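This briefing covers side-chain pairings and the overall build of one protein. Please have the sequence and the model open while reading.

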Amino acid sequence: MRYWLRLLGAIALLFLSTPLFAQSGKVNHAASLAHARAGFDFEQKKEYKYALFEYDTAAKLDSTYPYPLERIGGMYQVLKNYPLAISSYEHAIRLDSMFDVYNYYNLGLSFRIVQKFDSAVFALRQFIQRMDPVDKADSAAMVDADWWIKFNLGCIVEFAKPKNTEEPVALAEINSKYNDFAPTETADGNTLFFTSSRPGTNTKQEIETGDYGEDLFTTHRDSLGHWVKATPLPPPLNSVDDEGAAFVTADGQTMYLSLCRRADGMGDCDIYVSHLVGDLWTRPQPLGHPLNSPAWDANPTVTADGLTMYFSSRRHGSLDSSEDIYVSYKSTDGAWTKPQNLGEPVNTRFNERSPFISADGKTLYFSSNGHPGFGNHDLFMSRHLDDGTWSVPVNLGRPINAYGDDVFLTIPASGDKIIYSSQRTDARAPLNLYEAKLPLEFRPGPVTLVAGMVYDKETLQPVGAEVDVNDLKTNQLVAVYHANKVTGKFYITLGTGKEYGVTAIAPGYAPFSDHYTVPDTISYTEVTHDLPLSRLPNYASEHTLDSLKQIRDSLLALANAGNNNNGNHPGGNLGGKGNGNNNPNGNHPSDSLGGGRNGNNNSNNGNNNPNGDHASDSLFALMNGINNSTNGNNNSNGDHSSDSLLALMNGTNNSNRGNNNFNSGHTSDSLFALMNGNNNSNNGNNNSNNGNNNSNNGNNNSNNGNNNSNIDHSSDSLFALMNEGDNQNGQPKTNGPMQDGMDTSGIELHNVFFDFNKSTLRTESYNELNYWVDLLKKYPALKIEIDGHTDSVGTAAYNQKLSLARAEAVRAYLVAQGVNAKRLVPKGFGATVPKASNATEEGRQRNRRTEFRFIKT
């Protein structure tokens, strides 16, 4: 602050003016001057104990000279011993009121801290009246004094207000004799993190302060609501350096924290991020430019949706080079935007620090010594208004704010209480943690807290899923949360006045959604709701779109390497010999594998008549050039990888009397595995560890070695090609909840909506269906049955017709988004499969539903 610079300037001037000491008329003035100069030297080195001794000696040697008393006052002001600072300044003024007019200025500042606001106003007015400015610094000091007068008058107004809540309660279970501060808690208020200078990872005690450096500690409430013993977080989060001022996100899975003077940092202090993987926090990583700067950046807090960060900084652009609150937004690529100063009325020419944004995303709390209050730093609140501005900050009042520093705070999603760090009645005491009821007028807007677990529907084991929150009216993503990978637990907060869709997604699982409507008038609400995930069929995970495209590219590379018609297979060449006929009646472009190149179809009796259109990367074109044998045995005991031509040929062998014995592992990229489920032989035996697929209308039907195909084979998906020949003599069969590694029990789509008695999809349905579009595109082997259900109101025939129409509407939407229609089978069940009683409206509502069911390809 500027007044300290002016004070040091005045000190230097006094030591240059040695005649002033001679005017004291005391015999010991020379000795007094020597000790005063020694005290000044110690003061510059911040060796305050020795400085006070020298100044006190100087004052005793010359009891009429005010300078040593003035400096004693300055030392106690630095050491936050404000009563002794006031006593020393008043003594110096009594000795000579015109000796140094800045004694009135600093006396006024000290009176403010001890809540003697009237005396502070009087002293500051004396400073202005007596000041005869000789330079810009003096003029600036007069402006400052006038500002402080108004500030103290504001404090008088605040102090006249009655107490607005019960006395704060110290968290005795976790406080220590060291500094305990910067609390942050999970949304449910049951897990607390804080910073402490007690012994932890840092075991070396600092001589000057007696502290052990700052580490992060954690505690949680027991069944009775009491805090258990706090423990330090293990490495790599804590280290031998200082860690502190952390903020944990609403879901408890991400932590933003302040780290200072690190090799990978940019400035004095920087903002870092750590993630909870299971039950361990990762090594903190700096968030880099432009969020961090060469200046001091610390005290981060992030909105519940994870998209907005507030923090305190002294970077260029801060008002009067003080600590100001800044805001940064997370862009779509995950980077943080250039921070913006919140400006007035939140920030002042003095310090605004330790911001906290509540679960509603609109109510900001922070600590400041630039707004009228009760102590050195007080806690304040400001609300983000509809026009984008911030309301004038209001003091949280007594008894939350007290005599010393009140800084750092956290508020659970319930918004009814506050945990913060305070010195309470002693400005020199260490910071400790306190809990208080938050007055109604200072509480954030109400939210709904949804807590639950994501788990595997079949095994009931936890799943570490992503949990998305979407606005169903706008189909916009609101927030992304994460369930813990070990426990599956998640927490999400929902603001009022919207209808939300909540969707859990995880690799290898189908998405699961539900919805919540939060009215404007609702108060804080807690909802417990688990999200069960259905595992995808085994075959789906082996053949994603990416892996199939890799197979396709490998096969094209093999075909382009050349052909050898002597029965040898060097390198990647396709070769063969025999007497078979190859009659391609379709279109086989030049890069087709088989038809159009030099591959032969070896078959004593078989004809190969392809009548469809076979694109250049179609598997059918490849099949035209591959081995059909009447009497051959095919024994394979090796590994069938995607780049093995023999494995490829072994997997597409159509034989009347041949045996196919496959006893080895087939990787997910292997074409053998792809073809293995589509090999039909009337007379041959097909013993495969990977399962059989018998299809009346399939691709590989051979009575005497004939391969008849009348379908169109898309070039985009090899496995989708194989799906086209599914057996559909009637609807696909499902036999029980789990069949061949897939869940056939049905997945209810809670966010698919129809108007009453209509089959037109409402736009709110698009959000959930889009998750399925993404899934079906990622796993082209998947095939689903779309089941429509109604309640029992109306005739059975009408309900069956309506349910089928709704299933077909869902199918039409998926097809419009690019899903192959042949992978979607709509069915209407009417009211024949109820989930609840149709005797109540609640039951009938539950029965009106749409379900997806995995079926065999």
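D56 and K60 sit four residues apart in helix 4 (residues 48-61), so about one helical turn separates them. Their side chains meet in a salt bridge, with N to O at 3.2 Å. The model is predicted. The points below start with this pair and then move on to other contacts.

**Salt bridges**

- The whole structure holds 31 salt bridges by the search.
- Side chains of opposite charge can pair when their charged atoms come close.
- In the helix 4 pair, D56 is partly exposed at 32% relative accessibility. K60 is exposed, because its relative accessible area of 64% lies over the 50% cut-off.
- E166 and K437 form another salt bridge, and their closest N and O atoms are 3.5 Å apart.
- E166 lies in the loop between helix 9 and strand 1 (169-170), while K437 belongs to strand 21 (residues 432-437), so this bridge ties together parts that are 271 residues apart in sequence.
- K437 counts as partly exposed, with a relative accessibility of 47%.
- E841 and R848 also meet through their side chains in a salt bridge, at 2.9 Å from N to O.
- Both ends of that bridge are partly exposed: E841 has 43% relative accessibility, and R848 has 25%.
- One network of salt bridges with shared partners joins E748, E785, D787, K835, R849, E851 and R853.

**Aromatic pairs**

- The count of aromatic pairs is 27.
- W148 and F151 make an edge-to-face pair, because their planes stand at 70 degrees, over the 60 degree cut-off, with ring centres 5.0 Å apart.
- Both residues lie in helix 9 (residues 136-160). They are three residues apart there, about one turn of the helix.
- Are these two rings buried or exposed? W148 is buried at 3% relative accessible area, and F151 is buried at 4%.
- Y766 and Y813 form a stacked pair, 4.8 Å from centre to centre and with 10 degrees between the planes.
- Y766 is in helix 16 (residues 766-778) and Y813 is in helix 17 (residues 796-816), so the stacked pair ties together parts 47 residues apart in sequence.
- Y766 is partly exposed, with a relative accessible area of 26%. Y813 is buried, because its 12% falls under the 20% cut-off.
- W147, W148, F151 and F350 make up one aromatic cluster. The edge-to-face partners W148 and F151 therefore belong to this cluster.

**Charges over rings**

- R198 lies over the face of F217, at 5.2 Å from the ring centre.
- R424 takes a place over the face of Y434, and here the distance to the ring centre is 5.7 Å.

**Cysteines**

- How many disulfides does the structure hold? It holds one.
- A disulfide is a covalent bond between the sulfur atoms of two cysteines.
- Here the bond joins C260 to C269, with an S to S distance of 1.8 Å.
- The link of C260 and C269 is right-handed, with 95 degrees about the S-S bond.
- C260 is partly exposed at 22% relative accessibility. C269 is buried at 5%.
- C155 is buried as well, with a relative accessibility of 0%.

**Overall build**

- The protein has 857 residues, and 54% of them count as buried.
- Its secondary structure comes to 18 helices and 43 strands.
- Consider contacts between residues at least 6 apart in sequence: 60% of these join residues at least 24 apart.
- The exposed area of the protein is about 36,700 Å². Carbon and sulfur atoms supply 50% of that area.

**Points to locate in the model**

- For a pairing within one helix, look at D56 and K60 in helix 4, or at W148 and F151 in helix 9.
- For pairings that tie together parts far along the sequence, look at E166 with K437, 271 residues apart, and at Y766 with Y813, 47 residues apart.
- For a bonded pair with one partly exposed end and one buried end, look at C260 and C269.

Methods
Residues numbered from 1 in each chain as written. Predicted model: local features only at pLDDT ≥ 70, side-chain atom pairs only at ≥ 80, totals over all residues. Heavy atoms only, no water. Phe/Tyr/Trp six-rings, centres within 6.5 Å; stacked < 30°, edge-to-face > 60°. Helix = DSSP H or I, 4+ residues; strand = E, 2+ residues; numbered from the N terminus. Buried < 20%, exposed > 50% of the residue type's maximum accessible area, 1.4 Å probe, protein only. Lys NZ or Arg CZ within 6 Å of the ring centre and 35° of its normal. Contact = heavy atoms within 4.5 Å. Areas by Shrake-Rupley, 256 points an atom, 1.4 Å probe, with all protein chains shown as cover. Disulfide = S-S within 2.5 Å. Salt bridge = Lys/Arg side-chain N within 4 Å of Asp/Glu carboxyl O.
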